[in-house]
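Let's walk through a few packing and pairing details together. Please have a look at the model first.

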Amino acid sequence: MRHPGTAPTARAGAAALAAAVIASLIAGCDSDQDPAAKAAASFLAAWAGGDERKAASYTDDPRRAEAELTRLRGELDLEKAEFTPGGREDGKREGTARVPFRVRLTLHGAGTWTYGSGTEVRESGDGWKVHFAPSVLHPALDEPFMRLVRERELPRRAGVLAADGTNLAPEGSVWNVRIWPAKLSDPGRAYRALKNPALGADIDTGALKSRVEEAKPDQAVPVITLRDEVYRKVRRDLLPIPGFQFYEHPRAVATTARPLIGTVQPATDRTLRNAGPYAESTDEVGTAGLQYRYQKQLAGRPSITVRAVNEVEEAGPPLYRSPAKAGKPVRTTLDPDTQAAAEKALAAVRKKAALVALRPASGEIVAVANTPDSAENRAFSGRYAPGSTFKVVTTAALLRAGIGPDSAVPCPRTVTAGGRAFQNQDEFDLPSGTTFRRDFAQSCNTAFIGLADRLGDAGLAEAAGQFGIGGAWNVGAATFDGSVPEATAAEERAASMIGQGRVEASPLVMASVAATVRSGSFRQPVLVPDAVKARHRTARALDRDVVGQLRTLMRAVVTEGSGTALRGISGNPAAKTGTAEFGTGSPPRTHAWMIGYRGDLAFAVLVEDGGSGGKDAGPVAAEFLRRLD
């Protein structure tokens with residue numbers, strides 16, 4: 001529960017409120033100097049100012065009053081107390097008076113509660129004092145040891161929905177795995193078991209061992225939370241090991257696109273700050289992905305009920321209730337069938353990989369798959385050299401500069417730029433008289449580098465802008481939107497021509513490049529339409545004849561070039577392969593890419609450290625398209 005402090009401005013407001021209370025109370029008395037009214041006013045003013053000790057000093061039982069006022073503030077999560085006094089009334093006995101007042105309590109996350117109360121004021125040897133009893137706080141506290149309590153109930157978390165309304169993160173079972181230090185009789189066996197790849201997590205057993213050793217013997221030490229299907233795979237190995245504990249718990253669990261949709265976990269300091277004013281430290285909140293981004297929307301607002309309870313914790317009827325506000329679902333553009341095809345296509349890939357698919361006509365993202373599915377969403381946020389898939393952008397610039405598909409552009413085995421030697425993959429070359437169409441289809445690096453002077457320093461960056469690369473995209477999820485810096489040095493210009501150097505893109509960006517060719521103009525991808533107020537627009541569209549030539553060239557990649565994996569796939573797919581170097585090894589390691597489109601579906605496949613675009617990413621793309629037939 002939160003315990004808000006009192007800021008200096010709040011204290012200044014409380015002082016002003018105290019003066020107003022005193023003036024109002026005295027105005028209702030028979031005498032401007034009524035001591036009973038002054039005592040009650042001083043008590044109420046200190047209470048309003050959040051100074052329980054001072055308020056208690058105006059009572060005949062300061063210790064109890066301070067304890068009860070302090071408990072009330074904590075129990076109700078009280079942010080502000082205001083009072084409207086009534087007129088002074090004579091008491092039943094001489095030396096007593098009664099002062100009624102209206103109470104207005106602002107409860108954190110629960111609105112304002114207004115009710116009537118009052119206090120008896122008694123004359124004593126050291127002046128008039130508020131006779132403190134719990135009923136001063138609320139009339140329902142009319143028996144000894146009663147107190148007010150705040151009950152909080154969370155609404156059911158709303159879902160993250162596919163385009164057809166399917167809940168992609170319904171409530172399911174998870175298993176909290178913990179270690180009971182006193183029962184851990186064979187630590188080595190336990191820590192070895194946690195290295196099981198089936199757990200789908202890289203557990204730092206060294207750090208865990210330290211936490212277990214520092215814990216008290218009967219203190220449960222959290223280890224990992226497992227989805228039910230994972231628990232069922234590993235329970236036979238873990239259950240016999242002494243010291244492990246397993247607790248089943250309901251929680252919203254993504255059934256697909258897990259890195260995108262994200263997770264719900266017990267709140268941490270970071271995630272609690274993101275969760276908004278209604279969340280508390282005991283809540284489970286979104287910790288990653290869409291669950292984190294839309295936490296406030298999905299969680300809604302809890303109901304708050306205030307009751308009086310007695311010393312044996314028997315609760316009375318509700319005295320105040322702030323109704324719950326149901327969470328609102330997050331509606332995405334994901335298509336369940338396309339998403340399933342993407343995940344199945346990646347199922348056989350043993351390296352980190354991603355696949356993104358979208359509708360060129362609308363920009364709607366219909367599939368986002370990552371492997372492993374317990375890691376980051378590299379499909380949206382990964383920063384990679386796009387390699388030869390970027391030649392689609394380079395070609396758009398070259399076509400505009402006057403190069404045509406039938407232009408003769410040589411493809412030697414190697415070429416030097418700025419003192420650096422560049423070569424084709426496997427050091428191939430093409431015969432004399434080779435056309436630019438064949439250079440593109442075979443992904444000839446040296447041909448493209450040889451044309452770098454046609455574009456100048458800013459030519460590539462301008463062409464990239466026509467594809468939306470480097471703009472500020474508003475997709476409805478966290479994305480990396482690409483970067484194509486202007487290149488001034490000869491070596492950097494050469495590298496940029498083939499998607500290397502400082503050129504970076506995500507799989508989403510490269511899927512959008514393919515979609516732009518298919519549709520004829522850039523349409524910024526979108527995942528959560530309700531969250532997208534305005535999409536990024538390009539300053540200049542692609543020329544119509546450039547679009548037509550790009551379509552022809554990308555189709556040729558499949559029919560006569562490096563996209564052989566797509567031959568025989570229905571629907572006349574078009575593509576571009578890419579093999580992007582990274583690291584400092586010799587020979588350099590490579591990421592494998594393929595981008596393309598078929599009908600109103602554009603896609604990008606990335607396999608990290610995957611080898612060749614045609615040989616390694618191509619079969620994944622082919623499997624994806626086959627599963628949609």
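Some questions and answers on a helix and a sheet follow.

User: Happy to start! What kind of model is this, and how are residues numbered?

Analyst: This is a predicted model, where local features need pLDDT of at least 70, side-chain atom pairs count only at pLDDT 80 or more, and totals for chains, interfaces and linings use all residues. Side-chain values use heavy atoms, leaving out hydrogens and water, and residues are numbered from 1 along each chain as its sequence is written.

User: Within what arc do the buried residues of α12 fall?

Analyst: Helices here are DSSP runs of H or I with at least four residues, and strands are runs of E with at least two, numbered from the N terminus. In α12 (336-346), the buried residues (under 20% relative accessible area, 1.4 Å probe, protein chains only) are T338, Q339, A341, A342, A345 and L346. They line one face of the helix, because seen down the axis, by the directions from that axis to the C-beta atoms, they fall within an arc of 160 degrees.

User: Nice. In the sheet β9-β8-β10, which strands stand at the edges?

Analyst: The 3 strands form an open sheet with antiparallel pairing, where two strands pair if DSSP finds at least two bridges between them. One side is left without a neighbour in the sheet for each strand that has a single partner, so the edges are β9 (221-227) and β10 (244-252).

User: And which residue of β10 is the bridge partner of R178?

Analyst: Strand β8 (171-179) pairs with β10 in the antiparallel sense over 9 bridges. In β10, the partner of R178 is Q245.

Key: Buried < 20%, exposed > 50% of the residue type's maximum accessible area, 1.4 Å probe, protein only.
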